[in-house]
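Trainee: I should like to learn how to read this structure step by step. May we begin once it is in view?

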Amino acid sequence: MPNDTPLPRALDEALAFLQEQFGQSADFYTKPMRLGTVPAALALFTGISSPEKFTVMVLDLLKNADALPADGAALADWLLGAAPVAAERQPVTAQNDLVQKLGNGMAVLLLDGSGKAVAFSTQEMPQRGVPAPEGEGDMRGPQEAFTETLRVNIALLRRQFRTGTLTAEIFTASTRAATEYAVVYDKALAPAAVVQTLKKRLAGIRIPVLLDSAYFASFLKQDKLNLFPAAAYTERPATACARLCEGKVVILVAGSPQAMVVPGFFAEHFETLDDYSSGAVFAGLIRLLKYLAFALAVFGPGLYVMAVSFAPEIIPVQLLAKLAQAEQATPLPPVLEMLSVTLLLEIVREAGLRAPQSIGHTVSLVGALIIGQTAVDAGIVSVPVLTMAAAATIATLAVPALYEQSILFRFAVIVLAGAFGVPGLACGALIILAMACGSEPFGYDYLYPLMPPGKATWRDGFVRSIWQYLAARGEVLGRHGKADRG
Amino acid sequence: MEKPTGGEFTLFAALLAGALLNTLLARQTGYGARAGLLMAPLSVAVLAAAGWMFAAAWQRGQNALYRALFTALLALSSVLELLRLWQLAAALYPGTVTLTAVCVTVLLPVIYLRRISAISQTANVLLCLLLGATAVMLASIAGRLQVTNLQAAPLHPADCARALWAQGVLWPELLLPALWPQQAGRGRCVPLRLAGYTVAFGAGAHLVLELFFGAAMPGRQNPLHTAAQSGALSIFNRLEWMQLLLWTMLVSLKLAVYLYAMVGLCGGKSRGEDTAVGLDRYPLYFAAMLLACVLLRGADTTRLLLWRNAAAWVLAGLVGIGGGLKWLLGAKAA
């Protein structure tokens, strides 16, 4: 295993070390050469680093240079210092550093008798272009999404956030794959305590593999029993920029097209870019509808079960007669019926999502037909139950950021309401409420600006006020003060 | 930098919600509206003075005995709240709500109400909901509130004494601010504000009930629910389920505050956090509450409430005397 052992001064020994490390890898490439009078060798991984770039950057320069230093150490110092070539500023002096640089796609020039290697940024990794966002539907605003390449994602942010205070620090996670991640923030807006705490916590995380920024989320949670996320996610650089303007921190992980925003608040999951492009009245109405949709998604089926099983007096008589007729025709009690339908809907959704695209639609169609038509015709489920379950499923999609929570909460509420009636529904509602209230991402109110009610609640909470008010006050983390609370 | 961190959360809303719940869960009205309104200032003064004296004396003279007594008082109060809610639920939904179900549904959310932030913010939300539910209920029965229902018979000293007796219940919420002088509430006069809001809410509820029931008010069981059952504002014919839903949540919140206080009184603390109760004792707490409820399920809760009130006054008196003596002896030594 490589360690911080210094690089050997002799070129042969350095090459032997590399041969031992990567010799069996087909994509590992070394090329011995002579630069002036100094024996040297180029090392890189083909596919993620380009020998052509190295040729253009270095060999052309060396060929045209009038006189090259005669020994390896002097040549290394010249390349690192006075030579007109864009080499990395720090020399590679340790074995683990050498391995890391190669893994990052750099070309490394080993020089005999030097004990130092010179790294060049000649990365040329396979990558896709900047795509359009698929998971966050917005009609207005920039239509570009993050991609899998960390540097490209940082560039996408910097292109939109053109201030000198934007800081993007890159670290290597303690994983088997040594994955890179970036912590991006505006140093003029983001509270220093949050940034420091976040960097410290991230540095302390030890996981075998890091494939997405969401892997960090669990480590950042204060209460592991709390199901609400401590962070928000976005695939849109524009949304990430908006969060940076609020003083929040964006975490990008190499290989993941999703940015994590911390701290994440409950109300953020109900906000979209379109909210701020549309008129304030319409945006406010849509936002209220989303809160209603979330409530319907979580409590709708449970409320139905409770009303039918325990408290029929809350249902108007005409509707009650129809419900009773429908329920009499089915063999299962309402709670089991609702659970079965909800479970089947989730299975259909999961199958449609995971199945190959070519048969995904077929799965959905067959599932919908079986559940919707056949089950009703056979008298296995009643139409009201199916209607309520379908309405809740559709309502879930109105707030996709809280999809997981909606599903889990819905099942819990159905079970509690079905088992205990009104107190069970109260129990479920209070657990959800207490989870939301008890979450304190980095010491901030998770429910800000919704609770406690204040001016901010109506400025950019349940509804959005006009831009003149938004612009005058702004929403910056760390400035949530008593003034906001009214 | 101003930021709403856990240290800035206040428990005042939670204490207030718990205090208001005492009126909501009352099985019968305690006094006539006019006598209640007349005696309210005196009741507020007495309760506020008791709360303030207890807080001052607790800071000076608390000891292991007082802490044990206070813990026992809170434990008894928790059991009583569970029993009161169960009796109410059983009256509304006969045969469907068991005591175990009430214990489970009330105590389960307490797991998530271990942090000050959770308790405080949840209390804010529940108070808002309570305000909304009260407004809905009032609107739904507005047509049946008749001024002519107000009793016009001359007031006797016995009526005033009854009102004073009913309003002068020393709820544990009035004593709890002594445990958290920093967190109980921003600003001063926490006992005064608590007593004021509680007595005013009770007197207001009695006024509405008298406008609704008239001379029949004193004999009504679960009067607030009976009033709600006649509401017909929306497509829903009855609103009692909504009230029971909200009141169940309020009981959970109240018990969470009591648990938070009991753990503090017993010297327990969560690992690494001073604003949260650890989960390690929760199973013991749950089992103890369930067992106590089962044992006391047949007891007369009205009588138990009287005993609890007497115990609260005795504890306040003991702590007050102890604190006063310490103050006197301390002043003398100085």
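Mentor: Helices (H or I, at least four residues) and strands (E, at least two) are DSSP runs, numbered from the N terminus. Read in this way, chain B follows the pattern α-α-α-α-α-α-α-α-α-α-α-α along its sequence. Chain B thus has twelve helices and zero strands. This is a predicted model, in which local features need pLDDT of at least 70, side-chain atom pairs count only at pLDDT 80 or more, and totals for chains, interfaces and linings use all residues. Residues are numbered from 1 along each chain as its sequence is written, while chains are lettered from A and ligands numbered from 1 in the order in which they are written.

Trainee: What percentage of the residues in chain B is buried?

Mentor: A residue is buried if 20 or more other C-beta atoms, placed from the backbone, lie within 10 Å of its own. Of the 334 residues in chain B, 45% are buried.

Trainee: How many residues does each chain give to the contact between chain A and chain B?

Mentor: Two residues are in contact if their C-beta atoms, placed from the backbone, lie within 7 Å. Chain B contributes 35 residues and chain A contributes 36 residues. On the side of chain B that touches chain A, the elements giving two or more residues are helix H4 (99–107), helix H5 (116–141) and helix H10 (240–265) of chain B. The largest share, seven residues, comes from H5(B).

Trainee: How is the sheet of chain A to be read?

Mentor: Strands of a sheet pair through backbone hydrogen bonds, either parallel or antiparallel. Two strands count as paired if DSSP finds at least two bridges between them. In chain A, four strands form an open sheet in the order S1-S2-S3-S4, with antiparallel pairing. Its edge strands are strand S1 (28–35) and strand S4 (117–120) of chain A, each of which pairs on one side only. From one strand to the next, the twist averages 20°; axes are lines fitted to C-alpha atoms, for helices over the stretch in contact, and angles run from 0 to 180 degrees between N-to-C directions.

Trainee: Which residue stands opposite Phe28(A)?

Mentor: Phe45(A) in S2(A) stands opposite Phe28(A). S1(A) and strand S2 (residues 38–45) of chain A pair in the antiparallel sense over eight bridges.

Trainee: Which helix lies across S1, S2 and strand S3 (107–111) of chain A?

Mentor: That is helix H1 (residues 11–22) of chain A, which runs at about 15° to S2(A).

Technical notes:
Buried ≥ 20, exposed ≤ 12 C-beta atoms within 10 Å, placed from the backbone.
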